[in-house]
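Colleague: I am new to reading structures. Could you take one part of this model and walk me through it closely?

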Amino acid sequence: MKTKASSFIASAVFLVLVTCAAILEGCGGSSSNKTPPPPPPGIQKIKHIVFIIKENRSFDQYFGTFPGADGATSGTTSTGKVVTLGTTPDTMPYDIGHVWEDAHLAVDNGKMDGFDLERNGNVNGVMMPYTQMTQAGIPNYWAYAQYFTLADHMFSSLEGPSLPNHLYTVAAGVTGVFTKTMQTLSVITIPVDSANAGNHDWGCDADSTTTVSVMDSSGKITGQPGGPAAQYPCLDMNTIIDLLQTANISWRYYAPGGSDVDDAADAPNGYQWDALNTVNHIRNNKTLWAPPYIAPDTQFVTDAASGNLPAVSWLVTGDLSEHPPASTCAGENWTVQQLNAIMNSPDWSSTAIFLTWDDYGGFYDHVPPPGIDQFGLGARVPLLIISPYAKSGFISKTQYEFSSFLAFAEKRFGLQALTLRDANANDMQDSFDFTQQPLAPLLLSPRTCP
């Protein structure tokens with residue numbers, strides 16, 4: 001396993017990383033100093049952008065059997081055997097490995113044949129990565145896909161797990177200055193607390209015994225000979241929050257615990273997926289790390305239903321995030337509740353919702369991710385684009401990643417790109433028709449779970 005992962009890293013073509021000039025300037029830099037163009041016609045109808053980020057599902061795992069989509073119902077294992085994808089149980093017996101090493105083993109330089117080599121990829125002959133849901137298992141997600149837009153070439157931004165991919169949803173990158181060592185390095189995996197690995201303390205308020213594996217500018221990673229030391233998971237980088245603040249555009253990040261977590265070790269599940277708690281100049285800013293900017297995920301329904309959503313918002317949750325082994329049905333019911341709140345509100349007519357999953361979760365996908373830099377792209381994940389102006393019944397074949405969310409927001413509000421990632425990302429406008437008769441809300445009912 002280590003040999004295959006190491007050979008992938010050694011053979012990768014690394015791009016030049018931008019060095020941070022100062023902590024508050026962050027990393028990655030802007031792609032240009034030119035004044036951004038005004039918003040394109042039509043997109044100005046969107047006054048509220050909502051990013052809902054759930055957990056750990058590949059495209060083939062949820063929509064591999066969706067009519068007209070680029071899906072698969074069989075996959076190849078590391079032995080060369082082609083197996084039919086089985087049915088994923090609603091509640092799984094265990095999680096599947098999907099960290100940096102697992103993901104590179106699974107993708108295997110584009111062969112897409114190493115998913116059984118992941119942690120728990122083959123447990124006594126049961127290969128959970130080679131399973132998928134059908135319409136019967138996630139009927140409401142399929143209903144959204146049939147009525148709004150489904151993207152079948154949406155990729156995670158990094159070939160790895162949650163934290164670095166969540167950082168792309170706010171910063172279009174994973175390179176930053178780590179505040180304890182002042183080193184410019186890149187996050188590639190999730191933090192681990194050596195004293196208590198079960199803690200949900202991933203960010204700047206984590207226990208001192210918590211570290212995250214990183215990559216240096218030469219491409220070496222923690223654990224390799226000559227690689228960088230693991231770092232405390234508190235860093236600084238440019239984020240779209242900084243751009244929104246400067247432009248006086250409202251925003252809010254909804255996550256379990258909100259801004260009221262005093263001891264990260266006791267934080268609720270899902271707090272770790274608040275990407276902003278890893279960004280030092282936001283997490284440790286008394287103004288920004290407080291209402292109205294940081295709010296508990298339970299507040300989203302109230303804000304949405306009352307027409308109190310900001311211009312840009314992020315929403316993550318914990319036990320209902322669909323992160324295995326948790327129930328898919330319960331997670332889908334939670335999503336329906338959030339979307340119904342928006343669709344029943346006065347904001348529906350001016351909202352664009354991007355519902356996605358943060359990484360592939362170890363599940364099989366047959367499409368090799370494009371190698372655009374040393375971090376990714378990673379395996380495909382589902383993306384539903386939900387709006388009165390989303391093309392109805394449309395399957396987008398355009399390549400997207402999490403930086404595409406930022407590109408859309410930047411185009412809408414005339415903001416400068418943060419990095420080359422969001423500057424070059426397809427901004428998803430091709431999945432909208434701002435001249436069409438606006439789509440009516442699609443109000444769905446939660447279902448009884450198995």
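Modeller: Here is a close look at the open sheet, the helices across it and the disulfides. This is a predicted model, so local features need pLDDT of at least 70, side-chain atom pairs count only at pLDDT 80 or more, and totals for chains, interfaces and linings use all residues. Residues are numbered from 1 along each chain as its sequence is written, and side-chain values use heavy atoms, with hydrogens and water left out.

Start with the sheet. It is open and has 8 strands, in the order 14-13-15-1-16-17-6-18. The pairing is mixed. Strands here are DSSP runs of E, at least two residues long; helices are runs of H or I, at least four; both are numbered from the N terminus. Two strands pair if DSSP finds at least two bridges between them. Strand 14 (294-295) and strand 18 (394-396) are the edges. Each has a single partner strand, so one side of each has no neighbour in the sheet.

Now look at one pair. Strand 1 (residues 48-54) runs parallel to strand 15 (residues 312-315), with 4 bridges between them. Val50 has Ser313 of strand 15 as its bridge partner.

Two helices lie across these strands. Helix 9 (residues 328-343) lies across strand 1, strand 15, strand 16 and strand 17. Its angle to strand 1 is about 175 degrees. Helix 4 (residues 139-147) lies across strand 1, strand 6 (149-151), strand 16 (351-357) and strand 17 (383-386). Helix 4 runs at about 55 degrees to strand 17. Axes are lines fitted to C-alpha atoms, for helices over the stretch in contact (heavy atoms within 4.5 Å). Angles run from 0 to 180 degrees between N-to-C directions.

Helix 9 also leads to a disulfide. A disulfide is a covalent bond between the sulfur atoms of two cysteines. Here the rule is a pair of cysteine sulfur atoms within 2.5 Å. The count comes to 2 disulfides. One of them joins Cys329 to Cys449, S to S 2.1 Å. The torsion about the S-S bond of Cys329 and Cys449 is about -85 degrees, so this disulfide is left-handed. Cys329 is in helix 9, while Cys449 is in the segment after helix 11 (420-424), 120 residues apart. Cys329 is buried, at 0% relative accessibility. Cys449 is partly exposed, at 30%. Buried means under 20% relative accessible area, exposed over 50%, and partly exposed in between (1.4 Å probe, protein chains only).

Cys204 and Cys234 also form a disulfide, with their sulfur atoms 2.2 Å apart.
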